[in-house]
Amino acid sequence: MLYVKNDSCDPYFNLALEEYLFMQRQDLGPLFMLWQDIPVVVVGRNQNTREEINMEFIREKGIAVVRRLSGGGAVYHDLGNLNFTFILEQAERELDFARYTIPVIMALAQMGITAAFTGRNDLTIDGRKFSGNAQYRQRERVLHHGTLLFEVNLENMEQALAVAEDKISSHGVKSVRSRVSNIVEHLTVPFSLQQFKDLLREMVGEYYGLDGEYELKPDDIRAVEKLRLEKYCSWEWDFGHSPAYNIKRSRRFDWGKVDIFLEVQEGVIKEAHIFGDFFSPGDIDELCRSLSGRPYRREAISRCLAGNRLEQYFPFISEEDFMGLMGLRHLP
């Protein structure tokens with residue numbers, strides 16, 4: 001495994017770099033990278049950006065907004081946050097998050113802090129979250145990345161993320177801030193973010209084995225800058241159009257929240273959009289396209305699903321649950 005040196009704090013560049021390394025540099029083999037961002041909200045691939053952010057606050061503070069390749073929920077980064085990325089081959093199809101967080105737990109143990117992997121993708125200290133993880137997969141190639149709250153401005157994080165009330169209540173707490181924690185809050189001896197970064201790199205080397213460092217070449221940087229400008233800085237990627245709809249339905253499952261927006265005219269689905277903080281094994285837009293043009297009837301949607309297996313797009317969902325989500329459970 002190679003360590004990719006990346007000193008950029010530009011969130012658009014950093015996410016473009018992840019995609020470039022994942023899609024175009026398979027020749028480098030397994031990769032690990034540590035990186036930081038200036039203040040930014042990073043939304044999940046399947047999310048409706050406008051429903052995840054406090055636009056007024058973000059504009060006031062000059063906070064960037066960018067969409068990532070992977071699913072999951074929106075996260076806030078600033079220079080008090082450390083991000084890590086693994087890119088490697090994984091034959092197993094299951095979304096395995098825990099294995100990539102072991103070096104983090106090892107590093108914190110060296111600092112006198114006991115951390116645990118909990119839920120579907122979180123790391124916690126004393127029950128409070130300090131790290132969220134997400135994955136993107138193409139065939140047997142996996143991109144796993146995570147955030148590590150070291151000394152983040154939690155007030156700005158809380159204000160920037162427009163978290164849905166049902167998500168807050170499902171955790172039995174009253175605010176984002178009350179269920180997250182910075183690592184520095186648990187230190188018994190002084191430890192800088194740079195020291196933590198160096199220690200984490202050491203633990204990754206101990207657990208996975210690091211064979212050296214890769215420094216980006218001019219050709220790499222040119223390719224990443226092109227992707228940054230054409231995709232990650234674009235309104236189309238980061239926001240897209242707000243969907244026109246006359247039917248909106250939501251449901252929270254154990255594995256995440258799903259929102260369905262449908263524009264139905266004269267009994268026909270003209271447009272379908274599916275958003276959420278779930279981790280999709282496939283491209284959810286494929287399912288949306290297959291729903292468009294279908295009669296808004298249970299029989300027609302059932303025929304559509306026969307050729308589009310739901311497990312390709314959702315972690316766990318039955319056809320009956322999907323029909324309920326569509327509002328078709330009790331309709332013909």
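A residue counts as partly exposed when its relative accessible area lies between the limit for buried, under 20%, and the limit for exposed, over 50%. By that standard Asp-10, with a relative accessible area of 22%, is partly exposed. The model in which this residue is described is a predicted one.

**Salt bridges**

The structure holds 16 salt bridges, and one of them joins the side chains of Asp-10 and Arg-228, with 2.9 Å from N to O. This pair connects distant parts of the chain, since Asp-10 lies in the loop between β1 (2-5) and α1 (11-24), while Arg-228 belongs to helix α8 (residues 218-232), 218 residues apart from it. Side chains of opposite charge can pair when their charged atoms come close.

A second pair is found within helix α8 itself, where Asp-219 and Arg-222 are three residues apart and therefore separated by about one helical turn. The closest N and O atoms of Asp-219 and Arg-222 are 2.2 Å apart, and both of these residues are exposed.

A further salt bridge brings together the side chains of Asp-277 and Arg-252, at 3.9 Å from N to O. Here too distant parts of the chain are linked, with Asp-277 in the loop between β14 (268-276) and α10 (284-291) and Arg-252 in strand β12 (residues 247-253), 25 residues apart. The partners fall into separate accessibility classes: Asp-277 counts as buried at 5% relative accessibility, whereas Arg-252, with a relative accessible area of 28%, is partly exposed.

The three pairs are set out below.

| Acidic residue | Basic residue | N to O distance |
|---|---|---|
| Asp-10 | Arg-228 | 2.9 Å |
| Asp-219 | Arg-222 | 2.2 Å |
| Asp-277 | Arg-252 | 3.9 Å |

In addition, a network of salt bridges links Arg-25, Asp-27 and Asp-220.

**Helix packing**

Helix α8, which carries Arg-228, also packs against α1, the two axes being 8 Å apart and set at an angle of about 115 degrees. That angle makes α1 roughly perpendicular to α8, and the crossing of the two helices is right-handed. On the α1 side the contact is made by Tyr-12, Phe-13, Leu-15, Ala-16, Leu-17, Glu-19 and Tyr-20, and on the α8 side by Asp-220, Ala-223, Val-224, Glu-225, Leu-227, Arg-228, Lys-231 and Tyr-232. Sorted by class, the residues of this contact comprise ten nonpolar and five charged ones, with no polar residue. Two of the α8 residues in this contact, Asp-220 and Arg-228, also appear among the salt bridges, Asp-220 in the network with Arg-25 and Asp-27 and Arg-228 as the partner of Asp-10.

Another helix pair is formed by α11 (residues 298-306) and α12 (residues 319-326), whose axes come within 11 Å and cross at roughly 130 degrees. The two helices are therefore oblique to each other, and their crossing is right-handed. Arg-298, Ile-301, Ser-302 and Leu-305 of α11 make the contact with Glu-319, Glu-320, Phe-322, Met-323 and Met-326 of α12. These residues divide into five nonpolar, one polar and three charged.

**A buried position in α3**

Ile-58 lies in helix α3 (residues 55-61) and is buried, with a relative accessible area of 3%. When its neighbours within four places in sequence are left aside, Ile-58 is in contact with Val-41, Ile-53, Ile-63, Val-65 and Ala-160. Between Ile-58 and Val-40, which are 18 residues apart in sequence, the C-alpha to C-alpha distance is 8.7 Å.

Definitions and conventions
Residues numbered from 1 in each chain as written. Predicted model: local features only at pLDDT ≥ 70, side-chain atom pairs only at ≥ 80, totals over all residues. Heavy atoms only, no water. Axes fitted to C-alpha atoms, helices over the stretch in contact; angles between N-to-C directions. Helix = DSSP H or I, 4+ residues; strand = E, 2+ residues; numbered from the N terminus. Parallel < 35°, antiparallel > 145°, perpendicular 65-115°, else oblique. Left-handed = near helix turned anticlockwise from the far one by under 90°. Contact = heavy atoms within 4.5 Å. Nonpolar A, V, L, I, M, F, W, Y, C, P; charged D, E, K, R; others polar. Salt bridge = Lys/Arg side-chain N within 4 Å of Asp/Glu carboxyl O. Buried < 20%, exposed > 50% of the residue type's maximum accessible area, 1.4 Å probe, protein only.
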